[in-house]
Amino acid sequence: MKGWRKFVIAVLILVACLVLISGPEAKESAAAPASLQAIQPPSPVVMTALPWDDPTIRIPAPPPSRRARAPSATFSINYLAAGSTQGSYTCLAWDPAAQAAFAYAANIWASLINSSVPIKINACWANMGSPTILGSSGSYAVRDFPSAPRSNTYYSFSLADALAGYDLYPTYPDSMITHNNGFSWYFGTDGITPAGQYDFVSVVLHEIGHSLNFSGRMTYGSYCGASNYGCWVSAGYPGIYDWFVENGAGQAILNTGLFPTPSAALGSQLTGNNLYFNGTNANAANGGSRVKIYAPSTWISGSSYSHLDYSTFAGTPNRLMVHAISSASSTHDPGPVTMGILGDLGWTQTPTITGLIPGVTAPGGSAFTLTVNGTNFANNSVVRWNGSDRTTTYVSSTRLTASILAADIATGGSASVTVYNPTTALTSNAATFWIMTPLYNFLPAIFNQN
Ligand SMILES: [Zn+2]
């Protein structure tokens, strides 16, 4: 990075700090009713604009092979009317093109995660009064709800609803997302973002990612009682994200023997550029390594701790959940690391098939073992051949093998292969297996004619 760019970033970070210096509670909505003690109001997280074009980074939406055959979650977007308020912002009229891009982004998520409960988002288009903040997201959180996997732990509403199987607080939105009208936005959905413009679909995808609980409940500074202190946002209760965070030495951020809340010790962890998300699914998606999260030496409210590490991930397919985006770029796929993190947090995800080995065989052959590669396989997943269960062996979350019968390939044609997860009743995309005499038998004859 050129020196002047570093300087520009430093100035922008300073501006962001000044905008957000009032701390995580500053933009909270009205206090929850007394009868809902378990609710915590949102702590906003933001996405920052980088003031240069990077047209070399354009990541398309996940292909059908990685998405559910039908949407496995539903989003209900409430586009707030002009004049209504969200937090400290007064909403402006939505551009229909922006709404269409918002819906496009929500539909991508709807085919990647699973919930029987519609995810309700209040979406505000506003002058956020910042030259750097593209958008913000805040979610209500709840602990100790029915079926909560961990007690005394806050979950964002959308995830809590998905785990409980019903809408825990029907009169509340799950998340509040605000987008800043002060930028030149690109509302197209093709990802070909023109120079100088910011890709709206990418930023909406990012903010929805936070709404799905990609966000921790740690903060830093005066809110904690001293300028160098770190602390838990909700005294006594961490969030589910926090349970997975540790430092380079493997010490859990929630270890209050080492890092009391509030304390300077916790503060130095939060600003030590040395924090990792250590979860089974996240690590598997990250080549077996823990996932570095963003913990710059200067705490940046709304950016630190609740994003992937910029220098590690900005140049990779996992860049959606870094804290900043360049103009002229686009990222329409959360990427495997973020999907792994969401899986660790508790989202059940639709299995997908990305490949069959073999993918073709000649008619009339004998029984064989089919290897199915993909994602989100469970140890009780079942491979189905034209809808019928076949004896399946679980190898890993990305590989199954199945015993295919001689009768299955007796005649030419094709078969539809799917993977079914009984626990969640989720079925993958269908992959086609071809039963045909391999075409390469003919190729030598063709070559001989030349
Ligand atoms: Zn963010």
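**View 1. Gly 287 is an exposed loop residue in this predicted model.** With 8 C-beta neighbours inside 10 Å, Gly 287 counts as exposed, because 12 or fewer such neighbours is the cut-off for that label. To find Gly 287, look in the loop that links helix H6 (280–285) to strand E18 (291–293). Which residue, 50 residues apart from Gly 287 along the chain, can you pick out here? Try Val 337: its C-alpha atom and that of Gly 287 are separated by 9.4 Å.

**View 2. The whole protein gives us a starting map with nine helices and 30 strands.** The protein has 450 residues, and 48% of them are buried. Now think about contacts between residues at least 6 apart in sequence: 69% of these join residues at least 24 apart. The next views pick out a few of the helices and strands.

**View 3. Helices H2 and H4 pack against each other with their axes 9 Å apart.** Two packed helices are described by the angle between their axes and the distance between the axes. Here helix H2 covers residues 96–110 and helix H4 covers residues 200–211, and the angle between them is about 50 degrees. H2 and H4 are therefore called oblique to each other. Their crossing is right-handed. What kinds of residue make up this contact? There are 13 nonpolar residues, no polar ones and no charged ones. From H2, the residues to look for include Ala 98, Phe 102, Tyr 104 and Trp 109. On the H4 side, they meet a group that includes Phe 200, Val 204, Leu 205 and Ile 208.

**View 4. Strand E8 is a buried strand with E2 and E11 among its partners.** Is strand E8 (residues 133–139) largely enclosed or left open by the rest of the structure? Seven of its seven residues are buried, so E8 is largely enclosed. Strand E2 (residues 45–53) runs antiparallel to E8, and four bridges join the two. In that pairing, Met 47 stands opposite Gly 135. Strand E11 (residues 175–180) also pairs with E8 in the antiparallel sense, this time over five bridges. There you can spot Ser 139 opposite Ser 175.

**View 5. Helix H3 is mostly covered.** This helix spans residues 157–164, and seven of its eight residues are buried. Which residues are they? Follow the helix along and you will meet Phe 157, Ser 158, Leu 159, Ala 160, Asp 161, Ala 162 and Leu 163. Just after H3 comes Gly 165, which takes a positive phi of about 90 degrees.

**View 6. Four strands form an open antiparallel sheet.** Reading across the sheet, the order is E21-E23-E27-E26. Why is one side of E21 and of E26 left without a neighbour in the sheet? Strand E21 (352–357) and strand E26 (392–396) stand at the edges, and each has a single partner strand, so one side of each has no neighbour there. Neighbouring strands of this sheet are turned by 25 degrees against each other on average, direction ignored. Strand E23 (residues 368–375) and strand E27 (residues 399–404) pair in the antiparallel sense over six bridges. Within this pair, Thr 369 stands opposite Ser 403. As you trace a strand, keep one general idea in mind: in a regular strand the side chains alternate between the two faces of the sheet.

Notes: Residues numbered from 1 in each chain as written. Predicted model: local features only at pLDDT ≥ 70, side-chain atom pairs only at ≥ 80, totals over all residues. Pairing = 2+ DSSP bridges. Axes fitted to C-alpha atoms, helices over the stretch in contact; angles between N-to-C directions. Parallel < 35°, antiparallel > 145°, perpendicular 65-115°, else oblique. Left-handed = near helix turned anticlockwise from the far one by under 90°. Contact = placed C-beta atoms within 7 Å. Nonpolar A, V, L, I, M, F, W, Y, C, P; charged D, E, K, R; others polar. Buried ≥ 20, exposed ≤ 12 C-beta atoms within 10 Å, placed from the backbone.
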